[in-house]
Amino acid sequence: NRLATPVAATRPLDEIASAKATICGPTPWPGEAGVVQASAKAGDASAAAVGALRTQAEAVLRSLVCPGEPCALLDFPNHGNVGDSAIWLGTRALLERVGARVVYASDCLTLNASTLRTRVGDGPIFLQGGGNLGDLWPQFQRFREHVIETFPDARIILLPQAIHFEDRDNLARARRIFGAHPRLTLLVRDRQSLEIAQSEFSAGA
């Protein structure tokens with residue numbers, strides 16, 4: 001298995017968030033030309049950072065799936081966290097941009113292994129990214145581990161995740177399951193998670 005991480009944004013996230021807050025603020029009154037100009041510059045920098053991240057994310061995906069190749073996307077966020085829904089929609093858009101064909105999708109409760117195998121064949125299985133790799137949200141981690149064990153010969157890609165384990169036993173179980181799969185790729189979304197993955201999971205960065 002292997003470990004990969006997209007390159008970080010060219011500006012700190014707090015700066016980007018501040019820039020967005022400025023852009024979305026109240027319309028300035030007359031005489032605030034300097035504020036408007038600063039806001040426009042911040043908007044340009046924010047758009048550039050987002051564009052750079054999109055380019056990097058596309059490059060990572062192109063290395064993992066071929067144009068026209070069928071794939072599965074699992075762990076549909078069938079719950080009220082709208083941030084996870086946004087991640088899902090962004091993932092679908094990126095997969096479409098690189099030419100991948102999502103021919104099977106499911107949430108944690110509706111996975112049908114036989115149907116997935118029939119539709120996807122030797123294509124890759126992607127699991128939703130987010131911030132739940134670990135034991136803070138155990139139902140999603142258990143589903144992730146179940147998929148890895150159910151498809152021992154498939155290419156499985158864990159899309160960018162934040163990693164956090166409270167219990168060493170849970171970490172040990174994840175390490176055993178991840179390490180036993182020969183075609184598993186783990187993507188992380190922050191440097192702390194990259195450090196955890198490199199120290200706890202056997203993979204080539």
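In which hand does α5 pass α6, left or right? In this predicted model, the crossing of α5 with α6 is left-handed. Helix α5 spans residues 138-150 and helix α6 residues 168-180, and the two pack with their axes 9 Å apart at an angle of about 25°. Angles under 35 degrees count as roughly parallel, and α5 and α6 are therefore described as roughly parallel to each other.

A look at the side of each helix that meets its partner fills in the picture. From α5, the contact draws on Gln 141, Arg 142, Arg 144, Glu 145, Ile 148 and Glu 149, while α6 contributes Arg 173, Ala 174, Arg 176, Ile 177 and Phe 178. Sorted by class, this contact holds 6 charged, 4 nonpolar and 1 polar residues.

Both helices also take part in the largest nonpolar core, which has 27 residues. Within this core, the residues that touch the most other members are Leu 74, Ile 125, Ile 156, Leu 158 and Phe 201. At least two core residues come from each of β2 (70-74), α4 (113-120), β4 (125-127), α5, β6 (156-164), α6, β7 (184-188) and α7 (191-200). The top contributor is α6, with 4 residues.

Ile 156 offers a good view of the surroundings. Leaving aside residues up to four places away in sequence, Ile 156 touches Ile 125, Leu 127, Val 147, Ile 148, Phe 151, His 181, Arg 183, Leu 184 and Thr 185. Apart from the largest core, there is a second, separate core of 14 residues, among them Leu 64, Cys 71, Ala 100 and Leu 187.

Conventions. Residues numbered from 1 in each chain as written. Predicted model: local features only at pLDDT ≥ 70, side-chain atom pairs only at ≥ 80, totals over all residues. Heavy atoms only, no water. Axes fitted to C-alpha atoms, helices over the stretch in contact; angles between N-to-C directions. Parallel < 35°, antiparallel > 145°, perpendicular 65-115°, else oblique. Left-handed = near helix turned anticlockwise from the far one by under 90°. Contact = heavy atoms within 4.5 Å. Nonpolar A, V, L, I, M, F, W, Y, C, P; charged D, E, K, R; others polar. Core = buried A, V, L, I, M, F, W, Y, C linked by side-chain atoms within 4.5 Å. Buried < 20%, exposed > 50% of the residue type's maximum accessible area, 1.4 Å probe, protein only.
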